[in-house]
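Here are my notes for you to read alongside the model. Take the points in order and find each residue as you go.

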Amino acid sequence: VAAAPRAVGPRAEGRDGRDRRDGRDASRPAGRPRLARLPARWAAWRAGLSPRAVDAALGLVVATVVAASIPTLHDDGHATAVTYLFAPALGAVLLGRRRWPRGTAIATFGVLVAYYSLGFPPIGLAVPLAAALYSVALAGHARFGVALAVGASAVATTARLVEGGEDPGFVLGPELVSSLLLMLALLALGD
C-alpha cells in the first residue's frame with residue numbers, strides 16, 4: 001500500500017491539481033500575479049488624464065532632467081542663467097508632439113543646436129530628443145526618426161571632436177554608442 005503524499009502548507013494541491021509545495025499559499029486565488037495587474041491599473045489611471053496633461057507632465061520631466069544635468073554633470077563654472085532657459089524651452093516644444101510629431105522633433109533638435117552653438121556645456125542628445133523621437137515613431141514616421149537620430153548624433157559628435165577638449169575615444173565610443181542606441185530603442189518602442 002502506497003503512502004499518501006505528505007501535505008506541506010495549507011493545501012498540498014492547488015485548484016488545478018498541481019503540487020503547491022513551492023512555498024506559495026495555495027489559498028490565494030489563482031489568476032494573474034499582483035505585478036501583472038499593474039499595467040491594467042496604470043492604463044485605467046492614464047485613461048482619466050487628458051493628452052495635454054500628459055504632454056505637459058512629459059515636458060516638465062524633460063525640462064527638470066535637462067536643468068538638473070547642467071550643474072551636476074558639467075560643473076565647470078561656464079553655466080549661466082541663460083543656459084537654464086533652454087531647459088524649459090526643450091520642455092515647451094513637447095506640447096506639440098501629438099499634433100506635429102516631426103515638427104516637434106525638428107524644433108527640439110533646433111533648440112539643441114542653438115544651445116550648443118552658444119558654447120554651453122553639453123547636456124546630451126538622448127534625453128532632450130527622447131520624447132520627440134518616440135512621438136515620431138508612434139505617428140508612423142520611424143524612418144524620419146532614425147534619420148534624425150543618426151543625423152543629430154553625427155552633428156553632435158563632429159562638433160565635440162572639432163571643438164576638442166574631450167577624449168575622442170570617449171566621444172566616439174561609449175558616449176556615441178549609448179546615446180544612439182537609446183534613441184533607436186525609443187524609436188523601436190514607439191513603432
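1. Start with aspartate 55 and arginine 97, whose side chains meet in a salt bridge, with 2.9 Å from N to O. Keep in mind that this is a predicted model. Aspartate 55 sits in helix α2 (residues 51-73), while arginine 97 belongs to the loop between α3 (81-93) and α4 (101-117), so the pair ties together parts that are 42 residues apart in sequence. Both partners, aspartate 55 and arginine 97, are buried.

2. Now look at arginine 98, which also forms a salt bridge with aspartate 55; here the closest N and O atoms are 3.0 Å apart. Arginine 98 is in the loop between α3 and α4 and aspartate 55 is in helix α2, so this pair ties together parts that are 43 residues apart in sequence. Taken together, Asp55, Arg97 and Arg98 are linked in a network of salt bridges.

3. Is aspartate 55 buried or exposed? Its relative accessible area is 1%, and because buried means under 20%, aspartate 55 counts as buried. Arginine 98 has 38% relative accessibility, so it counts as partly exposed.

4. How many salt bridges does a search of the whole structure find? The answer is three. Besides the two with aspartate 55, there is one between glutamate 175 and arginine 160, where the closest N and O atoms are 3.3 Å apart. This pair links distant parts of the chain, with glutamate 175 in helix α7 and arginine 160 in helix α6, 15 residues apart. Glutamate 175 is partly exposed, at a relative accessible area of 25%, whereas arginine 160 counts as buried at 18%. As a general idea, side chains of opposite charge can pair when their charged atoms come close.

5. That brings us to the two helices themselves. The axes of α6 (residues 142-163) and α7 (residues 168-190) come within 10 Å and cross at roughly 165°. Why call them roughly antiparallel? Angles over 145 degrees count that way, so α6 and α7 are roughly antiparallel to each other. The crossing of α6 past α7 is right-handed. On the α6 side, the contact includes Ala142, Val146, Val150, Arg160 and Leu161, and on the α7 side, Phe170, Leu172, Glu175, Met183 and Leu187 are among the residues taking part. Sorted by class, the residues of this contact are 14 nonpolar, three polar and two charged.

6. Compare that with α3 and α4. Their axes come within 9 Å and cross at roughly 175°, so α3 and α4 are also roughly antiparallel to each other. From α3, the contact uses Thr83, Phe86, Ala89, Leu90 and Val93; from α4, residues including Thr104, Ala107, Val111 and Tyr115 join in. The contact of α3 with α4 has nine nonpolar residues, three polar ones and no charged ones.

7. One residue of that contact is worth a visit: threonine 104, placed in helix α4. Threonine 104 is buried, with a relative accessible area of 4%. Which residues does threonine 104 contact, leaving aside its neighbours within four places in sequence? They are Val93, Leu94, Gly96, Arg97 and Ala132. Leucine 94 is ten residues away from threonine 104 along the chain, and the C-alpha atoms of the two are separated by 6.4 Å. Arg97 links back to the opening point, since Arg97 belongs to the salt-bridge network with Asp55 and Arg98.

Key. Residues numbered from 1 in each chain as written. Predicted model: local features only at pLDDT ≥ 70, side-chain atom pairs only at ≥ 80, totals over all residues. Heavy atoms only, no water. Axes fitted to C-alpha atoms, helices over the stretch in contact; angles between N-to-C directions. Helix = DSSP H or I, 4+ residues; strand = E, 2+ residues; numbered from the N terminus. Parallel < 35°, antiparallel > 145°, perpendicular 65-115°, else oblique. Left-handed = near helix turned anticlockwise from the far one by under 90°. Contact = heavy atoms within 4.5 Å. Nonpolar A, V, L, I, M, F, W, Y, C, P; charged D, E, K, R; others polar. Salt bridge = Lys/Arg side-chain N within 4 Å of Asp/Glu carboxyl O. Buried < 20%, exposed > 50% of the residue type's maximum accessible area, 1.4 Å probe, protein only.
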